Every structure is written in structure tokens, then in C-alpha cells.
Amino acid sequence: MDIKELISVLPKAELHLHIEGSFEPELMFEIAERNKVSIPYKSVEEVRDAYSFHNLQSFLDIYYAGASVLLKEVDFYDMTMAYLKRCYEDHVVHTEIFFDPQTHTDRGVPFEVVFKGIKNALDEGEKKYGITSKMIMCFLRHLSEEEAFKTLEMAKPFKDNIIAVGLDSSEVGHPPAKFQKVFDEARSQGYLTVAHAGEEGPPDYIWQALDLLKVKRIDHGVRALEDEKLMDIIIRERIPLTVCPLSNLKLCVVDDLRKHNLKKMLDRGVCVTINSDDPSYFGGYMNQNFLETSKALNLNKSDLIQIAKNSFEASFMDDKEKEHWIEKCNQVQ
Ligand code: HPA
Ligand code: ZN
């Protein structure tokens, strides 16, 4: 079996995926048309041509503009179903997706519309494709903690279907400490916590995410290698890092995939996983991330199986489900 085939038959869990980042330009045009909203592009090609980024912020500006055509429950449903079809094609059997309520509620779209559109699609995806899922609600860190508290309040009626809260958007200048109180409150309401940290921000932000926000996983975390003490803890406590190689390349976190530190971390025993982040914008879904990373870093068969197993270990599935999928990974020859 060659590497490409191995990647395609390995069961995988995706743990770092912004559902708004799976919004393909074709669907964006279709929804813009049916909602009678205009977008500043003449064609799908023109949209794709705009997808050239030099850092996180240059991407976020376009990402929020793209999401602005989403108005109705069916729009969120269609976007999520399209992503689940791609999961099915890539043998992603479980996905824990991020959604950004503030991107929509700030435009006047009710929380309930966003939530129900996504949730109904996830339920349908389980029936149609057998894909299990969880929802993670992210706070936009460029907004205030007070705004995050308002979002947490809006989520109350839907709380039982949201496993965790997370932190995304512009990292530098918006440290995890800014959200300590709202994360305390979220944990007291029963949410698990995760946070983007160490993508562009320094290792200190990873420390803050662990110590102040008590996160179960670090999203990205690729700058952890700059701090040996931090690495010790991440390795010893098996704190998972949800790494997104093609995202790191597109946002110039690394200038060449061959220089990515994923293999170094894997060899040191870090629980690293591979994920697609915003696949519509960064040039690939799960298997493309696996494949390009494998080629660039010469990952071998046991590396790939280990990364797939890590994805289940790091997930918020219950222990029985984790064991089931880890065993399935072991059976792949
Ligand atoms: N980083 C921070 N915020 C985000 C990202 C990301 O990679 N994708 C969508 N929002
Ligand atoms: Zn992300």
C-alpha cells in the first residue's frame, strides 16, 4: 500500500476545523444569489485569486467577508453538509467543529439560526455518512471579554449540544489571559475548553491557555518548541496539539512545509494531530494535509498511524469510542 492509499484507508478524527472556513466559493456564490446579497467578486476564479495571504489577519479579513452571505438556517445547513461530504470522502469518521457565533450575531443573524443550521446538518451527517461530531463554540479574541460573556449567555439554551468553548481570530495582542473570567464561567457551566495559542503568538500564550484557561488541547501550538519547559509539560501530560500544516504554510507561519516542526514534535512524543483549519481557503481538506505533510517531512507508515491514533486519543469522544477507533487504526496494514 502506498502512502496515499494508507492515508485514505486510515480512520481519522478532525479536531481543528472552522466550519466557516469550509465555505467554498461556489457555494458562496449560490447562497449570495439566493439571498440577494452582493459580494465584491465577479467569479469563483476571482474569489480564489484573492486567497493569497501574508499572515493571519490578511486571511481573517477575507474569511469574515465571505461569511457575511450566510443569513438563514439553510445556509448554515448547506455549508455544514458540504463539509461532511468531504469528511466522508477522506474517511474522517469523527469531527469536532468550531463555529464563531459572533461573526453572525454581530450582523443580526440570531444565535439560534446559526446553531440549528449547523446542528441539523451534523445530525443528518451521522445518519447519512455515519460521521459522529461535536460542536465547539469559539469566542473572537479581537472582541472584548464582555462580548464573550454575552455569547456564552446566548448559548445557554443549546449548551447540552456544545461540548467546549474555544478562542480564535487575531492572536497577537489578545492573550488568553484576556478571557480568563469567561472561561472560568464556561467551565463552571460544564463546558470543556480549548484555545488557539502559539500559532503566531509566543509560547507564553500557550502557558496562559494551560494555566489560566485550563484547556484540554492547544490549537496550533507550533511555537511550543521554542520553550523547553513547556515542551516537557506537553510531552509528560500528553497535551494534544491540533496542528494544521497547510494553514501554517498559507499564513506564512512556515515558509516551506519541509521546515515544519510536526515530525520533530511527533518524534519527541508529543500528541500531535493533523487538521485542515479552513480548508476552502488553505488548499486542502484532511487527506491533502496528510499527504502534503507526509511528502514534505518524509513521514513513514508508523508516523501516519500514530497521528491518526492521536486524533482519537485527543478527541472528546468517550473512552469506549476512542478504544474502538484506535484499534481500527492498529488494524490498518
Ligand atoms: N487562527 C485563528 N483564528 C482563526 C483561524 C486560525 O487559523 N481560522 C479561523 N479563525
Ligand atoms: Zn484555527
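Select ligand 1 together with His-220, where an oxygen atom of the ligand is 3.3 Å from an N or O atom in the side chain of that histidine, a polar contact being a pair of N or O atoms within 3.5 Å. This is a predicted model, in which local features need pLDDT of at least 70, side-chain atom pairs count only at pLDDT 80 or more, and totals for chains, interfaces and linings use all residues. Residues are numbered from 1 along each chain as its sequence is written, chains are lettered from A and ligands numbered from 1 in the order in which they are written, and side-chain values use heavy atoms, with hydrogens and water left out.

Stay with ligand 1 and add Asp-277, which places a polar side-chain atom 2.7 Å from an oxygen atom of the ligand, and then His-18, whose polar side-chain atom lies 3.2 Å from a ligand nitrogen atom. Widening the selection to residues with a heavy atom within 4 Å of the ligand brings in further surroundings, including Leu-56, Phe-59, Leu-60, Tyr-63, Asp-168, Ser-169, His-196, Glu-199 and Asp-278.

Next, select residues 145-154 and 180-188, helices α8 and α9, whose axes come within 9 Å and cross at roughly 20°; here helices are DSSP runs (H or I, at least four residues), numbered from the N terminus, and axes are lines fitted to C-alpha atoms over the stretch in contact, with angles from 0 to 180 degrees between N-to-C directions. The two helices are therefore roughly parallel to each other, the term for angles under 35 degrees. Show the side chains of Glu-145, Ala-148, Phe-149 and Leu-152 in α8, which meet Gln-180, Lys-181, Val-182, Glu-185 and Ala-186 in α9, where contact means heavy atoms within 4.5 Å.

Move on to residues 203-211 and 228-236, helices α10 and α11, which pack at an angle of about 40° with their axes 10 Å apart. That angle makes α10 oblique to α11, oblique being what remains outside under 35, over 145 and 65 to 115 degrees. On α10, pick Pro-203, Ile-206, Trp-207 and Leu-210, and on α11 pick Lys-229, Leu-230, Ile-233 and Ile-234, since these sets meet each other.

Finish at residues 301-313 and 319-331, helices α16 and α17, whose axes come within 9 Å and cross at roughly 175°. That makes α16 roughly antiparallel to α17. Their contact is made by Ile-305, Ala-308, Lys-309, Phe-312 and Glu-313 of α16 and by Lys-322, Trp-325, Ile-326, Cys-329 and Asn-330 of α17.

Technical notes. Polar contact = N/O pair within 3.5 Å; in protein donor to acceptor, adjacent residues only side chain to side chain.
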